[in-house]
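Here is a short tour of the strands and helices in this chain. Please keep the structure open beside you as you read.

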Amino acid sequence: MILDVHVHVLGGKSSFPASLPGLGPEFDLGPEALVRQYLDPQGIDQAVLLPLDTHHSHAHGRFIRQEDALAAAHAFPGRFIVFASVDVTACDRADRLRRLVDTGCRGLGEVKYSDMHDPRQYDLYAVCATHGLPVLGHVDPDLTRLEQALKDFPTVNFIAHGVEFWANMSKDAAGTEAYPKGQVAPDNPVEALLSGYGNLYADVSANSGYNALTRDPEYGSVFVRRFARKLLYGTDWPCLRVQRLPPERFGEDGRHLSLLRRLLKNTEDLDQVLGGNLLRLLPN
Ligand SMILES: [Zn+2]
């Protein structure tokens, strides 16, 4: 069983500015496109739909609203696991999350950037602790704040993701370069956090995760074997690998899947990263 822990939908025609390559209004990036263009051809059984229904929504166009995700789950039964997106600035944030749990949401995310460490977010983490929900977050460069949340909510499982998290794989590269290249020193901050906190996981989606696992091939294969119970397969569909011309859409390009299959020869480890780890993190 293969599960992608990190996808979005646009709920129909994209309203991204035409200047973004591959994301102009002519592209339909709704749930049907997700199933037909990515999940079915690549043999992905289920995907976690991550809405973004917060004060960041404007910055992200029509990206991944809560209602799109819930409607998609109904339209394609058994294909989507829906996480909840709650505006951290809303006074009734905790109640909103409880209501979304009642409608079937099984995690919190994608929590973006500074929201991950906003003190008000702690009200939501408390609900996650009560209901056994994992939190998937785009971590900001300051890992000490992630570490504090890991300490403050030891029963909540956090799934870290994003440029700033993975760039921390090199002590000296953090905060200076989005996709650092070259050799990785062992005992780097990412490794220290993953081994130090039982409630921290990471998804390998997008450019950031892929770059982290490939920048130093020797280290990458040791890293994925060592953390085979902590890493989760994800792509961030419909995001693009814009470094390529023409750009390739994650997931559809099969890039993350074939990398993990290449690095993890042990089928038990591979099964965990491709789905087993996520299944353990989801509430019943
Ligand atoms: Zn994302």
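In this predicted model, strands 1, 2 and 3 form an open sheet in the order 1-2-3, and their pairing is parallel. Strand 1 (3-7) and strand 3 (80-82) are the edge strands; each has a single partner strand, so one side of each has no neighbour in the sheet. From one strand to the next, the twist averages 25°.

A second open sheet holds 5 strands in the order 4-5-6-7-8, again with parallel pairing. At its edges you will find strand 4 (108-111) and strand 8 (231-232), each of which pairs on one side only.

Here are two of the strand pairs, one from each sheet:

| Strand pair | Sense | Bridges | Facing residues |
|---|---|---|---|
| Strand 1 and strand 2 (residues 46-49) | parallel | 3 bridges | Leu 3 and Gln 46 |
| Strand 6 (residues 158-161) and strand 7 (residues 200-203) | parallel | 3 bridges | Ile 159 and Tyr 201 |

Now for a pair of helices. Helix 8 (residues 206-214) packs against helix 10 (residues 255-263) at an angle of about 25°, and their axes are 11 Å apart. Because angles under 35 degrees count as roughly parallel, helix 8 is described as roughly parallel to helix 10. Their crossing is left-handed.

Which residues make the contact? Helix 8 contributes Tyr 210, Leu 213 and Thr 214, while helix 10 brings Arg 255, His 256, Leu 259 and Leu 263. By type, the residues of this contact comprise 4 nonpolar, 2 polar and 1 charged.

Technical notes. Residues are numbered from 1 along each chain as its sequence is written. This is a predicted model: local features need pLDDT of at least 70, side-chain atom pairs count only at pLDDT 80 or more; totals for chains, interfaces and linings use all residues. Two strands pair if DSSP finds at least two bridges between them. Helices (H or I, at least four residues) and strands (E, at least two) are DSSP runs, numbered from the N terminus. Axes are lines fitted to C-alpha atoms, for helices over the stretch in contact, and angles run from 0 to 180 degrees between N-to-C directions. Angles under 35 degrees count as roughly parallel, over 145 as roughly antiparallel, 65 to 115 as roughly perpendicular and the rest as oblique. A crossing is left-handed if the near helix is turned anticlockwise from the far one by less than a right angle, and right-handed if clockwise. Two residues are in contact if their C-beta atoms, placed from the backbone, lie within 7 Å. Ala, Val, Leu, Ile, Met, Phe, Trp, Tyr, Cys and Pro count as nonpolar, Asp, Glu, Lys and Arg as charged, and the others, Gly among them, as polar.
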